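The exercises below ask for features to be read from a structure and then checked step by step. Each task is followed by a worked solution.

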Amino acid sequence: LHFLVFIGGGAVLALFGYDIDLLNKFGTYFGVTRGADLIVYASIILLFYFFIDLYNRLTKDITQLSKLVTQQAVDQSRSTHHMQIEQYKNSKPEDDFVFLIRAYNEAQTIGTVIENIIKAWYNKILIVNDGSTDTTQDVIQEKQTTYPDALIIDVRHAINRWDRGAWAATKTGFAFLQQHGADLQIKRVVWFDADGQMDIADMKNFTKAIQEQKVDLYLGSRFIAGAAAYQIPTLRKYILGIAKVVVRLMYSNKVSDPHNGYRVMSLVAIQKFKLQSDGMHYANELNEQIVAHRMSYSEVPVHIHYTQKKKKKWQKNS
């Protein structure tokens, strides 16, 4: 195609350059008076095509890079923690859960988040460190030493994928659980953030919902009875309302808070997801697959605390 466009097209242009009248006559076959206009229109179309083609190739390369980073991180983590995983024995109902945490430069908050989870009697934590450049990894290792009886697994991206959005780290967590979830002796996965915006006390609402309703997914919501979103920007609130309408129209999924990251999923449900997105639009793809796989779900009230760090670092309004 490139040969035809640049060599063949160049030859045709050279031919028309010797006889402008011939170019104009050729243009009349396409409904234009000046043949030069035809060249302009054709050039615009070809440029647009090549832009789409190059963008498609770039997207595929980025996706493949994410897959390589994910697989390398999963393999390395499994090799590092395999003895700890094999020796851990479940002793209480909370051991059926594992907390999946994605972290990028969260040294200031991730230590407290880990402590709060363990103090709530949950001892299994899977942390995906997305190539942090601060002391996040040092904090994680410190907590692993402080709580030797807890199963704190760290999965490290060799390079940061946060520029593609938070989902790249979550996909790595999914890959680890899809391959080794049975070894962890878990039944459910809790999506949890490393920046302190989520309240561990809301797990009481999730466990209550699990006891009352047997569904595949328990989706946190900021906009149902008993829930709250502290210091949420007004513009963000309106945008989330629009997102709710879009999800209902596109996927017939009547969730009240489709972009809420506080979720509890069964390991069986995790095995079904085949998501491709690296960016924050993964939330829409998630809702699409919930419908496609006919997964049952229930909404659970949660309390989200918006901080200045969250407003700047996480999902943008755009």
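## Exercise 1: a residue in a strand

F97 has a relative accessible area of 8% and is therefore buried. The model is predicted.

**Task.** Place F97 in the secondary structure and list what F97 is in contact with beyond its neighbours within four places in sequence.

**Solution.**
1. F97 is found in strand 1.
2. The cut-off for a buried residue is under 20% relative accessible area, and F97, at 8%, is therefore buried.
3. Outside the four-place window, the contacts of F97 are Y122, K124, I186, R188, V190, M203, T207, I210 and V264.
4. For a long sequence separation, take S266: F97 and S266 are 169 residues apart in sequence, with 9.2 Å between their C-alpha atoms.

## Exercise 2: two loop residues, D95 and R222

**Task.** State whether D95 is buried or exposed, do likewise for R222, and give a C-alpha distance for D95 and for R222.

**Solution.**
1. D95 lies in the loop between helix 3 and strand 1 (97–103). Its relative accessibility is 0%, so D95 counts as buried.
2. The C-alpha atoms of D95 and I186 are separated by 6.8 Å, while the two residues are 91 residues apart along the chain.
3. I186 also appears in the contact list of D95, which, without neighbours within four places in sequence, reads Y88, K89, N90, N123, K124, Q185 and I186.
4. R222 belongs to the loop between strand 5 (217–221) and strand 6. With a relative accessible area of 9%, R222 is buried.
5. From R222 to T80 the C-alpha distance is 38 Å, at 142 residues apart in sequence.
6. Leaving aside neighbours within four places, R222 is in contact with A227, A228, A229, L240, D257, H259, N260, V302, I304 and Y306.

## Exercise 3: positive phi

**Task.** What is the approximate phi of W121, and what is that of Q231? Locate W121 and Q231, and classify the accessibility of W121 and of Q231.

**Solution.**
1. W121 is not a glycine, yet its phi is positive, at about 80°.
2. W121 sits in the loop between helix 4 and strand 2 (124–129). Its relative accessible area is 60%, so W121 is exposed.
3. Q231, also a residue other than glycine, has a positive phi near 60°.
4. Q231 is in the loop between strand 6 (228–230) and helix 8 (234–251). A relative accessibility of 61% means that Q231 counts as exposed.

## Exercise 4: helix packing

**Task.** Give the axis geometry and the contact residues for helix 1 with helix 2, helix 2 with helix 3, and helix 4 with helix 5.

**Solution.**
1. Helix 1 (residues 2–18) and helix 2 cross at roughly 120°, and their axes come within 5 Å. F16, G17 and Y18 of helix 1 meet I20, L22, L23 and F26 of helix 2. By class, this contact has six nonpolar, one polar and no charged residues.
2. Helix 2 (residues 20–28) packs on helix 3 (residues 35–87) at about 65°, with the axes 7 Å apart. L23, N24, F26 and G27 of helix 2 and G35, A36, L38 and I39 of helix 3 make the contact. These residues divide into five nonpolar, three polar and no charged.
3. For helix 4 (residues 110–119) and helix 5 (residues 136–146), the angle is about 25° and the axes are 9 Å apart. The two helices are therefore roughly parallel. Their crossing is right-handed.
4. I110, G111, I114 and E115 of helix 4 meet T136, V139, I140 and K143 of helix 5. Here the division is four nonpolar, two polar and two charged.

## Exercise 5: helix 6 and H180

**Task.** Compare the expected span of helix 6 with the distance between its end C-alpha atoms, then describe the burial of helix 6 and of H180.

**Solution.**
1. Helix 6 (residues 167–180) has 14 residues, so at 1.5 Å a residue it should span 20 Å; the end C-alpha atoms are 20 Å apart, in agreement.
2. Twelve of the 14 residues of helix 6 are buried, and the helix is mostly covered.
3. The buried residues of helix 6 include W167, F174, F176 and H180.
4. H180 has a relative accessible area of 11%, so H180 is buried.
5. Not counting residues up to four places away in sequence, H180 touches V74 and R78.

Technical notes: Residues are numbered from 1 along each chain as its sequence is written. This is a predicted model: local features need pLDDT of at least 70, side-chain atom pairs count only at pLDDT 80 or more; totals for chains, interfaces and linings use all residues. Side-chain values use heavy atoms; hydrogens and water are left out. Axes are lines fitted to C-alpha atoms, for helices over the stretch in contact, and angles run from 0 to 180 degrees between N-to-C directions. Helices (H or I, at least four residues) and strands (E, at least two) are DSSP runs, numbered from the N terminus. Angles under 35 degrees count as roughly parallel, over 145 as roughly antiparallel, 65 to 115 as roughly perpendicular and the rest as oblique. A crossing is left-handed if the near helix is turned anticlockwise from the far one by less than a right angle, and right-handed if clockwise. Contact means heavy atoms within 4.5 Å. Ala, Val, Leu, Ile, Met, Phe, Trp, Tyr, Cys and Pro count as nonpolar, Asp, Glu, Lys and Arg as charged, and the others, Gly among them, as polar. The expected span of a helix is 1.5 Å times one less than its number of residues. Buried means under 20% relative accessible area, exposed over 50%, partly exposed in between (1.4 Å probe, protein chains only).
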